[in-house]
Amino acid sequence: MREVGVKGYDALMIIIHWSSALLVFGLFVLGWWMVDLTYYSNWYTTAPWWHKSLGLLVLFITLFRVVWRLVKGTPTIDGSAFEKKAAKLGHVLLYISLLAVVFSGYLISTGEGKPISFFDWFDVPALPFQVDQQATLAGAIHEYAAYVLVILALGHGVMALKHHFIDKRSTLIRMIKP
Amino acid sequence: MKTQLLALSAIVGSVLAAPAVADDYVIDTEGQHAFIQFKIKHLGYSWLLGRFNDFEGKFSYDEANPGNASVEVTIDTASVDTNHAERDKHLRSDDFLNTGEYPEASFVSTRYVPDSDDENEGTLYGNFTLNGVTKEIAIEVEQVGAGEDPWGGFRRGFEGEVDLTLADYNIDYNLGPEAKEVELYLSIEGVRQ
């Protein structure tokens, strides 16, 4: 990722960052809970509807976010050479797992060629091809990638707090104040 | 005279060629003239239909002695198809077919009892294995027809129906009181080997 000599993130990236965080953890809990719903639960059809629509929202804002980063670049990273490398690696892994989770989720519901509704507003079409047992395969990837993402995101948060409270750096502040 | 001789030799030939040996047929899955479908009540308000796309099998049948018929079919349970990706994923999971652990269902006939009043109908008994559980089932069978096909082969077809109770096969996900049984419908065409 191209580093530019600015101190912080712009307001748009800050909003996207925190809404992604909220959505990722919210969707993780929602997904965890909804897979064990019984057939006669009131939430049996509504919970997946929210999960899919919100998941698509994460997909859209993440794709936008990646493009935005590539166009605008990212602020300089503080710290030693090792810390910079570790931070970059962590961020790349976060993006990879985030995209893996949302994309594999998309592949579950579109596993037999049917589109997914985005909040009953418009349909997101399936890919023009499917693989055998796609929903089951994508479901396994979705589950494991979600665990990886949540663990990485927790590690990401812990490191941000460490930089803030122990290292006394502006790492956390610049993701709060534009 | 010539035609009479031909007819005679045809009769003699057919008698000699049929020493009570049943013909073997391979189920025509390649040409997709065989179907394993199921239906189950949705909440008791309608029928949900599905099918298994991938299976293979063979049967033997002797017109002179239908009681000797036998059948073997193997079903790839992961090929379950109800035209709904998320539902099929759920059906493949251990709530239902548990296809990871039991990728195959099978049916091996033990005996065939033709109806006394109609030799084209009968009951086919056999061992059916699903989700790792084997039970004897009785399939009501009717021969649809048999004869030469236009491409040099000989085909014979049957349809069959059997009701299965899901709990018998350790499938106990609660779909409601009206959805404890599933009806299996088979339409099978075999090509004589």
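The exercises below treat the interface between chain A and chain B and two empty spaces in a predicted model.

Local features here need pLDDT of at least 70, side-chain atom pairs count only at pLDDT 80 or more, and totals for chains, interfaces and linings use all residues. Residues are numbered from 1 along each chain as its sequence is written, chains are lettered from A in the order in which they are written, and side-chain values use heavy atoms, without hydrogens and water.

**Exercise 1. The interface**

Determine how many residues each chain gives to the contact and how much area is buried between chain B and chain A.

*Solution.*
1. With contact taken as heavy atoms within 4.5 Å, chain B gives 17 residues and chain A gives 15 residues.
2. The buried area (accessible area, 1.4 Å probe, that two parts lose on being put together, summed over both) is about 1,300 Å². Carbon and sulfur atoms give 46% of this area.
3. On the side of chain B, the most area is lost by A85(B), E86(B) and K89(B), together 36% of what that side buries.

**Exercise 2. Charged and polar pairs**

Identify which side chains form the salt bridge across the interface, and state which helix of chain B gives the largest share of its side.

*Solution.*
1. A salt bridge requires a side-chain nitrogen of Lys or Arg within 4 Å of a carboxyl oxygen of Asp or Glu; the rule finds one between chain B and chain A.
2. The partners are K52(A) and E86(B), at 3.2 Å from N to O.
3. Helix α2 of chain B (residues 85–92) supplies the largest share of the side that touches chain A, six residues. Helices are DSSP runs of H or I with at least four residues, and strands are runs of E with at least two, numbered from the N terminus.

**Exercise 3. The largest cavity**

Describe the volume of the largest cavity and the residues closest to its centre.

*Solution.*
1. On a 1 Å grid over the protein atoms alone, a cavity is a set of points where a 1.4 Å probe fits but cannot get out, and lining residues have an atom within 4 Å of a point.
2. One cavity of 30 Å³ or more is counted, and the largest has a volume of about 350 Å³, the space filled by probe spheres set on the points, which are joined across faces, edges and corners.
3. Its lining has 24 residues, of which V71(B), L124(B), I139(B), L186(B) and I188(B) are closest to the centre.
4. Strands of chain B that each supply at least two lining residues include β5 (70–76), β8 (121–130) and β11 (181–192).

Conventions: 1 Å grid on protein atoms, 1.4 Å probe; cavity = no way out; pocket = protein on both sides within 12 Å on 5 of 7 lines; lining within 4 Å.
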